[in-house]
Amino acid sequence: MAIEQMTMPQLGESVTEGTISKWLVAPGDKVNKYDPIAEVMTDKVNAEVPSSFTGTITELVGEEGQTLQVGEVICKVETEGANPIEQKQEQPEAAGTPAANSAEATDQPNKKRYSPAVLRLAGEHGIDLDQVTGTGAGGRITRKDIQRLIETGGVQERKAEEPNTAAPAPKSAPKPEPKEETSYPASAAGDIEIPVTGVRKAIASNMKRSKTEIPHAWTMMEVDVTNMVAYRNSIKDSFKKTEGFNLTFFAFFVKAVAQALKEFPQMNSMWAGDKIIQKKDINISIAVATEDSLFVPVIKNADEKTIKGIAKDITGLAKKVRDGKLTADDMQGGTFTVNNTGSFGSVQSMGIINYPQAAILQVESIVKRPVVMENGMIAVRDMVNLCLSLDHRVLDGLVCGRFLGRVKQILESIDEKTSVY
């Protein structure tokens, strides 16, 4: 017999944590490998987590509603027949060896190993981890230990005058600034308090990270899509009858963006600290909203697909979102986001970039407006605003202007001669 630990999986690119929304098993339940054991929410997906082992659930470490970092233990499973190498590693060292006789090996060897969640919580609340007694394996300090200290008020903060035997600070070293407490509004009589769900917390965290880390800049360009609108309207009924799904305006926009990204690969990049990564694949993320959540599934290799193929993917991904069947794979690999804000009547907006991508394009509502033509005549045309948010660490106005100009050119050239196949 062996006790195996299951950890929080990474359910999407750039996802660093997940919230356990519901356990599908209980201690004592027998599970097979790949059986679903929990439902987990992130800012990108709701997904079932499969078991990595065949055995018996012995402990549910994570609680429903609890948010855990990727890699943190969520439950323990007792399995039959452990790998001999793993069993050998789990055996204590023989008496008489240097490791067995050292004080470090016998005095809570794991105490100094902290998870990212523990370090973050301790830093936020000024907790001195050297003063905390851990309840985890080998004396390791767990997230629950820190939360218990915070809830009970038994927080031991590091004193400014506390000696540091490893590297004493010079007398002139400035003391750390006291952390400002976040102030939230209080409810009044008659107000309705709506609990924040795990998905909403994850969305808020990701949006805050994007706005905090990414220096946003914005630009906008208007496009005359009169011919495109007329062409789509002339074939939409026959297309629906033949293909079984709708041919939306949005499919034309996504196709134009994918084509322009191929010509301007700088736009298909990500910031990576000491380098910029220019992605090979063109995978378009599309924002799909429900009543209380926002999901960003991905159209893979959009530049290789026809307008029909993109329309099919849009329909299929939107249905998965509505049915709650979106998978982690549906959310991964996005390199550029196109958001159909025009679907609810918006004519101008500034999107928050989908971290870690470098840009997001808002496709606004198509509206009829009087336009002065090249011959000086005024005509009523179908116009749309394309609003681009960009990461100014990665992109500059010149390349973004040329990219938008190319998208405009592609859209304005669509007419009855354009094939959707």
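Helices (DSSP runs of H or I, at least four residues) and strands (DSSP runs of E, at least two residues) are numbered from the N terminus. By this convention, the protein chain has eleven helices and 19 strands. The model is predicted: local features need pLDDT of at least 70, side-chain atom pairs count only at pLDDT 80 or more, and totals for chains, interfaces and linings use all residues. Residues are numbered from 1 along each chain as its sequence is written, and side-chain values use heavy atoms, with hydrogens and water left out.

**Exercise 1.** Determine which residues of helix α5 are buried and how they are placed around the axis.

*Solution.* Step one is the criterion: buried means under 20% relative accessible area, exposed over 50%, and partly exposed in between (1.4 Å probe, protein chains only). Step two applies the criterion to α5, which spans residues 143–152 and has R143, D145, I146 and L149 as its buried residues. Step three considers the directions from the helix axis to the C-beta atoms, which define the arc. The buried residues lie on the same side of α5 because they cover an arc of only 165° around the axis. Finally, E151 and T152 are exposed on the other side of α5.

**Exercise 2.** Establish the strand order of the open sheet that contains β1, and identify its edge strands.

*Solution.* Two strands pair if DSSP finds at least two bridges between them. Four strands then form an open sheet, antiparallel in its pairing, with the order β1-β8-β6-β3. The strands that pair on one side only are β1 (2–7) and β3 (30–31), and these are the edges. To examine one pairing, take β3 and β6 (residues 55–60), which are joined in the antiparallel sense over two bridges. Within this pairing, V31 has G55 in β6 as its bridge partner.

**Exercise 3.** Describe the environment of Q357.

*Solution.* First, locate Q357 in the loop between β16 (336–339) and β17 (359–363). Second, Q357 has a relative accessible area of 2% and is therefore buried. Third, list the contacts (heavy atoms within 4.5 Å). Apart from neighbours within four places in sequence, the contacts of Q357 include I214, S269, M270 and S285. G334, T335, F336 and T337 are also among them. Fourth, a polar atom of the Q357 side chain lies 3.3 Å from the backbone nitrogen of F336.

**Exercise 4.** State how many disulfides the whole structure contains, and classify C75 and C387 as buried or exposed.

*Solution.* With a disulfide taken as a pair of cysteine sulfur atoms within 2.5 Å, a search of the whole structure finds zero. C75 counts as buried because its relative accessibility is 0%. C387 has a relative accessible area of 3%, so C387 is buried.

Note on methods: Polar contact = N/O pair within 3.5 Å; in protein donor to acceptor, adjacent residues only side chain to side chain.
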